[in-house]
Structures are given as structure tokens and as C-alpha cells.
Amino acid sequence: MMVATCVCTSAPASVRADIYRCKGADGAQHYTNIREPGRRCELVVRGSRSSKAKSSSNKPSNAQESRGASSKDNARYQRYDLLIDESARLYQLPESFIRAVVRVESDFNPSVVSRAGAMGLMQLMPKTARSMGVEDPFNARQNILGGARYLRILANRFKGDLVLTVAAYNAGEGAVEKYDGIPPYKETQRYVRRVLKHYYSYRSEGTR
């Protein structure tokens with residue numbers, strides 16, 4: 001089982017490990033922070049503050065997007081700063097981690113509903129929302145606090161492993177346990193890469 005990196009509460013340096021996608025001879029792939037001998041490994045997220053995450057699409061960074069965005073867009077991305085900070089402190093998670101999940105889940109749109117029925121900023125499914133004590137999934141504060149609480153539960157379950165926490169948030173903890181790592185679902189693998197990309201980018205910009 002891999003231990004890629006952890007959701008830390010006090011040591012930022014420990015969450016900057018490079019993340020590799022490695023493939024074996026049988027085509028099976030997994031994510032790790034170590035380039036493994038005998039396997040084809042591709043760097044998909046670079047943890048260094050001075051380096052940019054690898055991207056085949058050459059998309060601009062969060063900072064570049066912010067500089068090029070309209071004031072309306074900037075307001076959307078900054079509107080929930082206090083709520084994200086509150087949830088980060090309450091559940092002892094990196095603020096940049098929660099922000100990255102919100103970015104990928106809803107792009108900071110509090111009223112979005114997925115085809116599967118996930119709702120709000122952190123795209124909570126009805127059952128998850130209820131179990132996290134969220135009465136109104138479209139209430140920004142309730143949604144962010146509920147999503148952060150769920151992330152904390154997952155982080156505890158997977159011993160602080162950031163990659164597995166993100167994978168479980170998307171695919172469910174049962175799927176992560178079944179495959180002893182990131183499930184072989186293209187959607188989940190893409191989701192993990194996107195969240196980690198934004199997470200490290202936000203950290204490099206100074207977000208906790």
C-alpha cells in the first residue's frame with residue numbers, strides 16, 4: 001500500500017512530496033511519492049514551491065487565472081475565504097486542501113447540482129449531507145463545514161494519507177479499501193490529479 005503524503009495540521013513541508021503515477025508491466029497503475037525502479041512513472045504533481053505542477057494542457061496557474069479573471073470571478077473565488085478558514089481550523093485540515101476540493105467540485109458555485117444529485121460547494125450527496133449534520137446543502141457555511149468534516153473523517157480513516165482521502169471523497173471509502181489505493185476509475189484518477197494540482201498551486205501562492 002502506498003503512502004503518498006499526509007494531511008498535516010502543523011508541518012506544511014510534509015505535504016509537498018512529489019506525486020508519481022506509476023504503471024507496471026500489466027498496465028496497472030497507482031500513485032506514490034517514490035519513483036519506483038522497474039516501473040514507468042510519470043510526475044503528475046510537483047510538490048516544490050519553486051516549481052509548477054506538470055500539465056499536458058499548459059493551463060494557467062490559479063494566480064494567472066485570478067489576474068486574468070474579471071472582478072466578478074475574483075469575488076466568487078474569494079467569497080468563501082472566511083468559511084474555508086473556519087472549517088480548516090475546526091477540523092484541522094490545510095485551508096488550501098479544502099479550497100482545492102471546492103474548486104474541483106463546484107468551481108465555487110454554491111447552487112450547482114450534479115447529475116448524481118450532489119449539491120453545493122463541496123458537492124455533498126444527500127446521505128452524506130445528512131450524516132454530516134447539514135440541513136441545507138445550499139447554505140455555504142453548512143456545506144463547507146459538512147464537506148470539511150467528511151474530509152477529516154476520511155483523513156482519520158486513511159491515516160492522514162492525502163491521496164487516499166481525496167480518492168475516497170470522490171469514489172467512496174469502500175472503493176479505496178477494496179483496491180488498496182486509488183480505484184481504477186478514470187474519473188477518480190482524474191479527480192485526484194486535479195485536486196492535488198490545485199492544492200499544491202494554492203500552497204505555492206501562500207494559502208495555508
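**Exercise 1. Helix 3 and its two sides**

Task: Which residues in helix 3 (residues 81–91) are buried? Then state where they lie on the helix and what they pack against.

Solution.
Step 1. The model is predicted. A residue counts as buried when its relative accessible area is under 20%, and as exposed when that area is over 50%.
Step 2. Within helix 3, the buried residues are Ile84, Asp85, Ser87, Ala88 and Tyr91.
Step 3. Looking down the axis of helix 3, the buried residues fall within an arc of 165 degrees, so they line one face of the helix.
Step 4. A general rule helps here: an α-helix has 3.6 residues a turn, so residues three or four places apart point the same way.
Step 5. Leu82, Arg89 and Leu90 are exposed, on the other side of helix 3.
Step 6. The partners of the buried residues of helix 3 are helix 4 (95–106) and helix 6 (140–157).
Step 7. Just after helix 3 comes Gln92, which has a positive phi of about 50 degrees.

**Exercise 2. Helix 3 against helix 6**

Task: Describe how helix 3 crosses helix 6, and list the residues that meet.

Solution.
Step 1. Take the axes: those of helix 3 and helix 6 come within 9 Å and cross at roughly 30 degrees.
Step 2. The crossing of helix 3 with helix 6 is right-handed.
Step 3. From helix 3, the residues in contact are Leu83, Ile84, Glu86, Ser87, Leu90 and Tyr91. From helix 6, they are Ala140, Arg141, Ile144, Leu145, Ala148, Arg149 and Arg152.
Step 4. Sorted by class, this contact between helix 3 and helix 6 has eight nonpolar, one polar and four charged residues.

**Exercise 3. Helix 4 against helix 7**

Task: Carry out the analysis for helix 4 and helix 7 (residues 162–171).

Solution.
Step 1. The axes of helix 4 and helix 7 come within 12 Å, and they cross at roughly 35 degrees.
Step 2. Helix 4 makes a right-handed crossing with helix 7.
Step 3. Helix 4 contributes Phe97, Val101 and Glu105, while helix 7 contributes Leu162, Thr165, Val166 and Tyr169.
Step 4. By class, the contact of helix 4 with helix 7 has five nonpolar, one polar and one charged residues.
Step 5. Val166 can also be placed relative to helix 6, where Ala155 is found. The C-alpha atoms of Ala155 and Val166 are 8.7 Å apart, with their positions 11 residues apart in sequence.
Step 6. Ala155 has a relative accessible area of 0% and is therefore buried.

**Exercise 4. Two side-chain contacts**

Task: With which side chains do Arg103 and Asn170 make polar contacts?

Solution.
Step 1. Arg103 is part of helix 4. Arg103 counts as buried because its relative accessible area is 9%.
Step 2. The side chain of Arg103 makes a polar contact with the side chain of Tyr202, at 2.9 Å.
Step 3. Asn170 belongs to helix 7. Its relative accessible area is 24%, so Asn170 is partly exposed.
Step 4. Leaving aside residues up to four places away in sequence, Asn170 touches Glu187, Thr188 and Tyr191.
Step 5. Of these, Thr188 has a side chain in polar contact with that of Asn170, at 2.7 Å.
Step 6. Glu187 is 17 residues from Asn170 along the chain, and their C-alpha atoms are separated by 8.6 Å.

**Exercise 5. Positive phi in loops**

Task: Is Asp107 buried, partly exposed or exposed? Classify Lys159 as well.

Solution.
Step 1. Asp107 lies in the loop between helix 4 and helix 5 (126–131), and its phi is near 55 degrees.
Step 2. The relative accessibility of Asp107 is 28%, so Asp107 counts as partly exposed.
Step 3. Lys159 sits in the loop between helix 6 and helix 7. Phi of Lys159 is near 55 degrees, a positive value in a residue other than glycine.
Step 4. With 78% relative accessibility, Lys159 counts as exposed because the cut-off is over 50%.

**Exercise 6. The whole chain**

Task: How many helices and strands does the protein chain have? Give the buried share of its residues too.

Solution.
Step 1. The protein chain has nine helices and three strands.
Step 2. Along the sequence, their pattern is β-β-β-α-α-α-α-α-α-α-α-α.
Step 3. Of the 208 residues in the protein chain, 47% are buried.
Step 4. Among contacts with a separation of 6 or more, 50% join residues 24 or more positions apart.

Key
Residues numbered from 1 in each chain as written. Predicted model: local features only at pLDDT ≥ 70, side-chain atom pairs only at ≥ 80, totals over all residues. Heavy atoms only, no water. Buried < 20%, exposed > 50% of the residue type's maximum accessible area, 1.4 Å probe, protein only. Helix = DSSP H or I, 4+ residues; strand = E, 2+ residues; numbered from the N terminus. Arc of directions from axis to C-beta. Contact = heavy atoms within 4.5 Å. Polar contact = N/O pair within 3.5 Å; in protein donor to acceptor, adjacent residues only side chain to side chain. Axes fitted to C-alpha atoms, helices over the stretch in contact; angles between N-to-C directions. Left-handed = near helix turned anticlockwise from the far one by under 90°. Nonpolar A, V, L, I, M, F, W, Y, C, P; charged D, E, K, R; others polar.
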